[in-house]
Amino acid sequence: MENNMSSVGTPERPLCVAIIGAGPSGFYAAEALLKAPGLTVRVDLYDRLPTPFGLVRGGVAPDHQKIKSVTAVYEKLASDPRLRFFGGVRLGQDIKIEDLRARYDQVVYAVGCESDRKMGIPGEDLNGSFSATEFVGWYNGHPDHRHRTFDLSCENVAVVGIGNVAMDVTRLLACDPERLAKTDIADYALEALRKSKVKTVWLLGRRGPAEAAYSPVEIEEFGKLEGCDLVIKPEEAVVTEVSHLEKADANDKKKVAYVQEHAKKGEGTQGRKIRLRYCVSPVEIVGEGGKIKAVKLEKNKLVDDGKGGAKCVGIKEYETIPAGLILRSVGYRGIPIPGVAFDEKSGHIPHVDGRVTVDGAHLPGEYVVGWAKRGPSGLIGTNRADSVLTVQSMLADLKAGKLPSGVVDTAPESAPKLLNERGVAVVSYAQWKKIDELERSRGAAQGKIREKFTKIEDMVAALSVAA
Ligand code: NAP
């Protein structure tokens, strides 16, 4: 079959789209396509895992179940017969880019940012130094991270960065584990947290309270944790003119007011502490016998960044805090996919208006959404508007006849047949629903919302038993 471009998107010849990645941005791209007026479209949603929902399943903290309820929207989309789910299909291994280019008019990368940034300081590779990505994946039962072990026999843990991911890992380490007992936290993680000896979590921000990346609700949640005090040094909870707080939005002003008020409370009386520090940067992770013992911090001052904000500069005053474990939470980064454009510097897929570019020129038929497009920023809902923008570019290209020329086989059975020939055990949406049902009943047996399968082979085995 060859493209007669003017007929693509009609009942005679539906627009065929592959979306790679079944997280929020992938689902929102599918939604925008399915809702496009006058368009006849077929969307195949691929994920390397047998399970959909990306970071909603593997990233959102188990004590934030309300955020996870967004999956109801994705469930509804998945019930549309024009959308098919192909779980357990790895791009670059099970299916190649060339296979997709031959079968779909448009390919959308919704692959997120699966790796993390490094701090680039001595000691970062010592035993006991991890990324928050690894810790989050571990407690959420992500198959990539379920095997990790974190030594929680130490009393002090350092978390670097003060974004919402840092808030999640800090809260999970500092809270009473019984508050997680009924959630979908992985059973081994709950067990490890129950045995944890951690008493203090040092939460380290390199800039001040006016620059903090966390949301107001996250910092306020710390103040309400049972068995734990949020401790802030009043002398660090200050704002100077370089922060231009007067121009800040209501959220930022609220965060500053909260920490300044909270700083007055002092040490508190609870057994565990979150010591939130501002204007400090780790400059060295200090080890003993190959294992982390402490973190050396340099104090920072804030100076005008020339862009209306504040940047930090070290002032050569140092202190050392104890830590047996360090989790860096300084932002995520994309991983290059073989055959797909990637900008090493920014860590995501280069694009203009969601159109993937190579050396600045648009690669016909290839698009990007979500964190893979704009980097790791924004809340789940941010991805909806972002995906709509990319779909607008896709539809404009369709209208202008700017479709790739190498599409040769858009038959609905073409991709499943190819995967079948390669022996790929594709998980359909109906099969995912079976996994979902089994996880919920495993959870119910333990008084939990869900007990996840954390190994892909266990999911596949459970499906064959259930078949
Ligand atoms: P983020 O919001 O970008 O925060 C990164 C933090 O790391 C910032 O505090 C940043 O400080 C700091 N940092 C960067 N480089 C550093 C370095 N070399 N040394 C010390 N600190 C450094 O990233 P994130 O926390 O990974 O979150 C990613 C996105 O997911 C965000 O949009 C977040 O809101 C969202 N998210 C939301 C939730 C939720 O709604 N509950 C939960 C998790 C994640 P500077 O500000 O100084 O650069």
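In this predicted model, the C-alpha centres of domain 1 and domain 2 are separated by 34 Å. Domain 1 is made of two stretches of the chain, 5–114 and 333–427, whereas domain 2 covers 118–328. Where the two meet, 14 residues of domain 1 are in contact with 19 residues of domain 2. The points below take up the nonpolar cores, the enclosed and open spaces, helix H1, and a few individual residues.

**Nonpolar cores**

- The largest nonpolar core has 46 residues, and the members that touch the most others are Tyr139, Leu173, Leu203, Tyr214 and Leu276.
- Helix H7, which spans residues 164–174, makes the greatest contribution to this core, supplying 6 residues.
- A second core, separate from the largest one, is built from 43 residues, among them Val17, Leu39, Ile435 and Ala462.
- Once neighbours within four places in sequence are set aside, Leu203 is in contact with Val159, Gly161, Ile162, Ala166, Met167 and Thr170, as well as with Phe222, Ile274, Arg275, Leu276 and Arg277.

**Cavities**

- How many cavities of 30 Å³ or more does the structure hold? There are 2 of them, and the largest encloses about 60 Å³ of space.
- The largest cavity is lined by 13 residues, of which Val111, Ile335, Phe342, Ile349 and Ala372 are the closest to its centre.
- By class, the lining of the largest cavity comprises 9 nonpolar and 4 polar residues, with no charged residue.
- The second largest cavity holds about 30 Å³ of space, and its lining divides into 4 nonpolar, 2 polar and 5 charged residues.
- The residues that line the second largest cavity are Arg42, Asp44, Arg84, Arg103, Tyr104, Asp409, Thr410, Ala411, Pro412, Ser414 and Ala415.
- Strand S2 (41–47) and helix H13 (414–421) are elements that each provide at least two residues of the lining of this second largest cavity.

**The second largest pocket**

- The volume of the second largest pocket is about 310 Å³, and 17 residues line it, with Glu235, Glu236, Val238, Cys279 and Asn300 lying nearest its centre.
- Strand S12, running over residues 291–304, accounts for the largest share of the lining of this pocket, namely 4 residues.
- The lining of the second largest pocket is mixed in class, with 7 nonpolar, 4 polar and 6 charged residues.

**Helix H1 and its surroundings**

- Helix H1 (residues 24–34) contains Ser25, and the helix is mostly covered, with 11 of its 11 residues buried.
- These buried residues of H1 are Pro24, Ser25, Gly26, Phe27, Tyr28, Ala29, Ala30, Glu31, Ala32, Leu33 and Leu34.
- The elements against which the buried residues of H1 pack are S1, S2, helix H2 (54–58), helix H4 (71–78), strand S3 (83–87) and helix H12 (382–399).
- Is Ser25 buried or exposed? Ser25 counts as buried because its relative accessible area is 7%, which is under the 20% limit.
- Beyond its neighbours within four places in sequence, Ser25 is in contact with Ala110, Val369, Gly370, Asn383 and Ser387.

**Thr10, ahead of the first strand**

- Thr10 is found in the segment before strand S1 (15–20), and with a relative accessibility of 21% this residue is classed as partly exposed.
- Although Thr10 and Gly38 are 28 residues apart along the chain, their C-alpha atoms are separated by 8.1 Å.

**Residues with positive phi**

- Most residues other than glycine have a negative phi, which provides the background for the two residues that follow.
- His244 has a phi near 50°, a positive value in a residue that is not glycine, and this residue sits in the loop between strand S9 (228–232) and helix H10 (250–263).
- Asp359, likewise not a glycine, has a positive phi of about 50°, and its place is in the loop that joins strand S17 (355–358) to strand S18 (361–368).
- Asp359 is classed as exposed because its relative accessible area is 81%, a value over the 50% limit.

Note on methods: Residues are numbered from 1 along each chain as its sequence is written. This is a predicted model: local features need pLDDT of at least 70, side-chain atom pairs count only at pLDDT 80 or more; totals for chains, interfaces and linings use all residues. Side-chain values use heavy atoms; hydrogens and water are left out. A nonpolar core is a set of buried Ala, Val, Leu, Ile, Met, Phe, Trp, Tyr and Cys residues joined through side-chain atoms within 4.5 Å. Buried means under 20% relative accessible area, exposed over 50%, partly exposed in between (1.4 Å probe, protein chains only). Contact means heavy atoms within 4.5 Å. On a 1 Å grid over the protein atoms alone, a cavity is a set of points where a 1.4 Å probe fits but cannot get out, and a pocket is an open set with protein on both sides within 12 Å along at least five of seven lines; lining residues have an atom within 4 Å of a point. Grid points are joined across faces, edges and corners, and a volume is the space filled by probe spheres set on the points. Ala, Val, Leu, Ile, Met, Phe, Trp, Tyr, Cys and Pro count as nonpolar, Asp, Glu, Lys and Arg as charged, and the others, Gly among them, as polar. Domain bounds come from an automatic or database domain assignment.
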